[in-house]
Amino acid sequence: MAELDSGGGGNHKGGKVRSKKQSTRVDMTPMVDLMFLLITFFMLTTTLAKPQAMDLAMPDKDDLNKEEQLDVADTRTMTVLLGSANRIEWFIGIAGNSLTPPTVENFGKNGIRKTIIDKAKDIKAATGKDMIIIIKPSDKSNYKNLVDILDEMKITNTKQYAIVDISNPEIDLLKRDSIY
Amino acid sequence: MPRVKVPRKSTAIDMTAMCDMASLLLTFFILTATARQPEALIVDTPSSTVKIKVPEVDIATITIGDGKVFFGVKGTMIRERVLQKMSERYKVPFTPAQIKRFSLMEGFGVPISQLAQVIDLKSEERNKPGLQSGIPIDSVNGAASQLHEWIYQSRVATKELNDKQMRVSLKGDSKEAYPTIKKVINILQKQKVNKFSLITSMEAQD
């Protein structure tokens, strides 16, 4: 309660007014409460994990300089077809006349990644050049498959790869293996 | 026998240290915070092992999900300029107030004929799922699609205002079928944008 000291009267013996010594401690509980509330608010409203950007360069679609396109040996070209249900089919060479039988495989460490690393080694030993990978997503594949296979390119350090439209013989291959 | 007296201790603790730590954390979060923008179309991006961050300026984001395509570009000045250009191109008038409101929108997904209505909505109504139907990505009667024009005009506006090449990023939903993605990529390639980024979330390398 507020008190008022009227002062007068002269009741004090010495006549000296001594102020009461107050503690300098402040109760910090409400302050800490507020701090934590604000921390919680800022933590929840910030985007901590910023999204990543995967750079992708597509081949130039210019129709004018078609003759500048180079032919590459089919012995060092691996075609990867993206089918439905997160499955992949791959072969080396050209569709219908491939050098290895088309094989259906899964994504992941023991699936396509192992194959790419093995084949890249074989081709490097046989021809002395790096392997080229042609990615052909079918209409039944989804966006995640595309990102996954591009990610594999990065993990396996494949420098030469391209995304190309799928052709009919390749769709037939996918149909034969019932992943289309 | 005399009893052992346990001295009574006060339950009040010294909170100075706790308060110090709390304010330190608070300062950190305030300084690093960028408030999360409400998204018009929420997509679940696939994960990848790349570790390059998305740049903050001079970038347009094309969000693809659920068969719909949304478009957004960073920078309020650029947005104003783009809308003015699109308004001239399609002969759809916008009031200065609408242009101002549009410059604060993070992204949108309607044909330009319906854009004025969406701008006039409140932001919480605007971002209701299913309200916006997506930007048309098919060309009509030989004319370029609306998405094509949006991207093109944004690139022009970025070049005019900031003298920089605009970057294009694709933010697709994991489950999105490839044909939609292919259509958008074809639109980009038609205007010779052969290099763009795919937005992904982080993944631990196995």
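A crossover is right-handed if, with the strands pointing away from the viewer, the path from the first strand over the helix to the second runs clockwise.

**View 1. The β-α-β unit of chain B in the predicted model.** Strand 4, helix 7 and strand 5 of chain B form a right-handed β-α-β unit. The helix of this unit spans residues 178–190. Strand 4, residues 167–172, pairs with strand 5 in the parallel sense through two bridges. Ser169(B) has Ser197(B) of strand 5 as its bridge partner.

**View 2. Pairing of strand 1 with strand 5 within chain B.** Strand 1 of chain B, residues 47–48, runs parallel to strand 5 of chain B, and two bridges connect them. Here Ser48(B) lies opposite Met202(B) of strand 5.

**View 3. Strand pairing between chain A and chain B.** Strand 1 of chain A, residues 52–57, and strand 5 of chain B, residues 195–202, are antiparallel and share six bridges. Met54(A) is set opposite Leu198(B), a residue of strand 5 of chain B. In a regular strand, side chains alternate between the two faces of the sheet.

**View 4. Chain B as the setting of the preceding views.** Chain B contains seven helices and five strands, in the sequential order α-β-β-β-α-α-α-α-α-β-α-β. Its radius of gyration is 25 Å, well over the 17 Å given by the globule rule for 206 residues, so chain B is more spread out than a compact globule. The C-alpha atoms of chain B occupy a box of roughly 105 × 50 × 35 Å along the principal axes. Of its 206 residues, 36% count as buried. Among contacts in chain B between residues at least 6 apart in sequence, 71% link residues at least 24 apart.

Key
Residues are numbered from 1 along each chain as its sequence is written. Chains are lettered from A and ligands numbered from 1 in the order in which they are written. This is a predicted model: local features need pLDDT of at least 70, side-chain atom pairs count only at pLDDT 80 or more; totals for chains, interfaces and linings use all residues. Helices (H or I, at least four residues) and strands (E, at least two) are DSSP runs, numbered from the N terminus. The radius of gyration is taken over C-alpha atoms; the globule rule is 2.2 Å times the number of residues to the power 0.38. A residue is buried if 20 or more other C-beta atoms lie within 10 Å of its own, exposed if 12 or fewer, and partly exposed in between; C-beta atoms are placed from the backbone. Two residues are in contact if their C-beta atoms, placed from the backbone, lie within 7 Å. Two strands pair if DSSP finds at least two bridges between them.
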